[in-house]
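Dear colleague,

I am passing on the structure we talked about, together with some notes on what turned up in it. Please open it first and keep it beside you as you read.

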Amino acid sequence: MDTKNDDGTAPVLLLVGSSGGHLAQLLALRPWYEQWRRCWVTFDTPEALSLLDGEDLVPAHHPTTRNVPNLLRNALLAWRVLRARRVAAVVTTGAGVAVPFVVLARLWRIPTVYIEVYDRIDTPTLTARLCRPFLSAMLVQWDEQRRQYPEATVVGTLL
């Protein structure tokens, strides 16, 4: 991912997740992503702004649960972000904000990686079910989660 593009910029790793626990799980990947240029998409809560101080942050529209207007706003945001940046891959832990980014990225042939959250062991999350057809890779944190996602790779717990 550190190869330069024609315009001299490095590709961007797009990290997408709701604030709170979803963001915390993405932040736990720091040793893996810290060497790459990255952009974050999350909610502009005080906690998220503090945790991502100094990072390239694009605030997403919230709430996302059963909120069709914000789903449409985030779809437009995803289109703008993916068009404006040279995104090498989208990595997400969910929740609802992830759906438009994963769908559009996959349609534009950008690799998409979903990491199922650690606290959903027996049932799949709605976001994972919606994103699954558009994923390049599905990662889970527990062996037990492979009952819902037999194709998934177990990466262990992030927190």
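**Salt bridges**

In this predicted model, Arg 132 and Glu 151 bring their side chains together in a salt bridge, with 2.8 Å from N to O. Arg 132 sits in the loop between H6 and S6 and Glu 151 in the loop between S6 and S7, so this pair ties together parts that are 19 residues apart in sequence. As for accessibility, Arg 132 counts as partly exposed at 32%, and Glu 151 is likewise partly exposed, with a relative accessible area of 45%.

A search of the whole structure finds four salt bridges, and two others deserve a description here. One of them joins the side chains of Asp 122 and Arg 147, at 3.5 Å from N to O. Because Asp 122 lies in the loop between strand S5 (112-115) and helix H6 (126-131), while Arg 147 lies in the loop between strand S6 (137-140) and strand S7 (153-154), the pair ties together parts that are 25 residues apart in sequence. Asp 122 is exposed, its relative accessible area being 55%, and Arg 147 counts as exposed too, at 58% relative accessibility.

The other is formed by Arg 85 with Asp 56, whose closest N and O atoms are 3.3 Å apart. This pair links distant parts of the chain, 29 residues apart, since Arg 85 belongs to the loop between H4 and strand S4 (87-94) and Asp 56 to the loop between helix H3 (46-51) and strand S3 (57-59). Arg 85 is partly exposed, with a relative accessible area of 23%, and Asp 56 is partly exposed as well, with 31%.

**Cysteines**

How many disulfides does the structure hold? The count is zero, and for Cys 39 the nearest cysteine sulfur, that of Cys 131, is 17 Å away. Seen from the other side, the sulfur of Cys 131 has its closest cysteine sulfur in Cys 39, and because the 17 Å between them is too far for a bond, the two are not joined; a disulfide would need the sulfur atoms to be within 2.5 Å. Cys 39 counts as buried, at 0% relative accessibility, and Cys 131 is also buried, at 0%.

**A nonpolar patch and an annotated region**

On the surface, Leu 76, Trp 79, Leu 107 and Trp 108 form a nonpolar patch, which has about 400 Å² of accessible area when the four are taken together. Trp 79 lies in helix H4, which covers residues 68-84, and is partly exposed, with a relative accessible area of 37%.

The UniProt record, an unreviewed entry, carries the annotation "transmembrane region" for residues 87-108. In the model, the chain over residues 87-108 is 45% helix and 36% strand, and the C-alpha atoms at its ends are 10 Å apart.

**Around Ser 19**

Finally, is Ser 19 buried or exposed? With a relative accessibility of 19%, Ser 19 counts as buried, because the limit for that class is under 20%. Ser 19 is found in the loop between strand S1 (12-17) and helix H1 (21-27), and, leaving aside residues up to four places away in sequence, Ser 19 touches Thr 42, Phe 43, Thr 45 and Ala 48.

With best wishes

Conventions. Residues numbered from 1 in each chain as written. Predicted model: local features only at pLDDT ≥ 70, side-chain atom pairs only at ≥ 80, totals over all residues. Heavy atoms only, no water. Helix = DSSP H or I, 4+ residues; strand = E, 2+ residues; numbered from the N terminus. Buried < 20%, exposed > 50% of the residue type's maximum accessible area, 1.4 Å probe, protein only. Contact = heavy atoms within 4.5 Å. Patch = residues over 30% accessible without salt bridge, like charges linked within 9 Å, V, L, I, M, F, W, Y side chains within 5 Å. Areas by Shrake-Rupley, 256 points an atom, 1.4 Å probe, with all protein chains shown as cover. UniProt positions renumbered as here; feature names shortened; annotations may be inferred.
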